[in-house]
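Biologist: Could you take me through this one and defend each label as you go?

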Protein chains: 2
Amino acid sequence: MSVTVLRLGHRFARDARISTHLALTARAFGADRIVYDVEDSSVKSSVDAICESWGGGFSVEFVKSWRKYISGFDGVRVHLTMYGLPTQDVVPKIDLSRDVLVVVGGAKVPSDVYQMVDFNVAVGSQPHSEVAALAVFLDRLFAGAELGKEFDGRLRIVPQERGKRVLE
Amino acid sequence: MSVTVLRLGHRFARDARISTHLALTARAFGADRIVYDVEDSSVKSSVDAICESWGGGFSVEFVKSWRKYISGFDGVRVHLTMYGLPTQDVVPKIDLSRDVLVVVGGAKVPSDVYQMVDFNVAVGSQPHSEVAALAVFLDRLFAGAELGKEFDGRLRIVPQERGKRVLE
């Protein structure tokens with residue numbers, strides 16, 4: 001299984017930090033790439049710099065037509081939305097032998113997205129954050145195994161009770 | 001057990017959205033309040049508006065001295081940091097009969113924070129997002145039960161396979 005995150009509706013400047021957090025969260029929680037429907041080189045360069053130092057083979061990509069991207073995706077298509085069915089009910093139904101596309105909306109998600117995917121999934125039915133939703137969804141999808149993933153980067157943290165230890 | 005999130009190092013304007021996401025994530029994942037060390041009324045009013053519509057008795061508070069707040073906290077003090085010990089190892093050690101304080105740093109966390117808490121906890125040892133870290137930590141702390149929490153708000157979502165259904 002490979003996991004791709006598709007971030008819709010990114011707005012320049014206003015969303016730069018949230019979209020960067022989303023990309024880093026995707027990477028840290030085991031996704032293979034994030035795809036944006038607009039080309040924001042500042043987000044890409046921030047994320048690429050982290051990947052360069054910390055490893056893991058994660059990529060930031062852009063597509064012109066997100067509708068074609070979703071409809072052409074060969075695998076299980078999931079849309080994270082607070083209006084969907086509970087994560088805990090949906091995750092057991094996802095075929096882990098297939099690739100997974102996780103669509104994450106921005107401010108306003110066009111209504112046809114709900115029809116184009118296999119599952120509309122809610123991480124709680126309360127308003128919160130697409131970053132939180134993505135993290136918890138991936139944590140459930142990988143059943144926690146992603147937290148043990150080896151990234152083989154130039155920098156590596158050695159977990160400590162107090163303070164910081166980074167190997168280079 | 002009540003759960004309080006303490007957000008350190010909030011910067012006006014630059015951090016407004018991340019701090020708002022952090023507050024909404026705290027609320028949606030079962031925390032009782034978020035405490036900031038600077039008073040940003042725009043963050044408070046955004047979060048208060050959500051609480052007013054969606055319920056749940058969550059509060060946004062400010063303290064002048066976060067050091068006094070941490071040292072005076074009667075309960076288990078946890079600091080989320082990518083340099084800490086793995087969440088999956090620490091959560092089973094937390095006494096759930098006591099109140100929990102979750103300290104979430106911003107850009108730069110003063111080094112004495114690491115000494116003032118009972119546990120420095122990492123949600124993965126990779127750089128990602130304090131919003132993601134908080135969500136997954138609380139999801140693990142409550143063992144998923146927080147996603148079933150009733151908020152009894154004026155607005156309530158009825159989970160759907162497709163589309164949106166909100167009761168008022």
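Biologist: What does A:F137 touch, not counting residues up to four places away in sequence?

Modeller: A:V78, A:L80, A:T87, A:V91, A:I94, A:V102, A:V121 and A:V123. Contact here means heavy atoms within 4.5 Å. Bear in mind that this is a predicted model, with pLDDT of at least 70 needed for local features and 80 or more for side-chain atom pairs, while totals for chains, interfaces and linings use all residues. Residues are numbered from 1 along each chain as written, chains are lettered from A and ligands numbered from 1 in the order written, and side-chain values use heavy atoms, without hydrogens or water.

Biologist: Which residues touch the most other members of the largest nonpolar core?

Modeller: A:F137 again, along with A:V102, A:L138, B:V102, B:F137 and B:L138, in a core of 86 residues. "Nonpolar core" means buried Ala, Val, Leu, Ile, Met, Phe, Trp, Tyr and Cys residues joined through side-chain atoms within 4.5 Å.

Biologist: Why is A:E130 called buried?

Modeller: Buried means under 20% relative accessible area (exposed is over 50%, partly exposed in between; 1.4 Å probe, protein chains only). A:E130 has 18% relative accessibility, so the label fits. Leaving aside neighbours within four places in sequence, A:E130 contacts A:R7, A:I18, A:L22, A:V104, A:G105 and, from the other chain, B:H21. A:E130 sits in helix α6 (residues 130-141) of chain A; helices (H or I, at least four residues) and strands (E, at least two) are DSSP runs, numbered from the N terminus.

Biologist: How do you know that the length of helix α2 of chain A is close to that expected?

Modeller: The expected span is 1.5 Å times one less than the number of residues. With 14 residues (41-54), α2(A) reaches 20 Å from first C-alpha to last, close to the expected 20 Å. Its buried residues are A:V43, A:V47, A:I50, A:C51, A:S53 and A:W54, and their cover includes β4 (76-86) of chain B.

Biologist: What makes β2 and β3 of chain B a pair?

Modeller: Pairing takes at least two DSSP bridges. Strands β2(B) (33-36) and β3(B) (59-62) have 4, and run parallel. B:V35 stands opposite B:E61.

Biologist: And why is the relation of the two chains called a two-fold axis?

Modeller: A rotation of 180 degrees with 0.0 Å of shift along its axis superposes chain B on chain A, RMSD 0.0 Å (least squares on C-alpha atoms of residues with pLDDT of at least 70 in both). That is a two-fold relation. In chain B, the C-alpha nearest the axis belongs to B:A132, 2.3 Å away.
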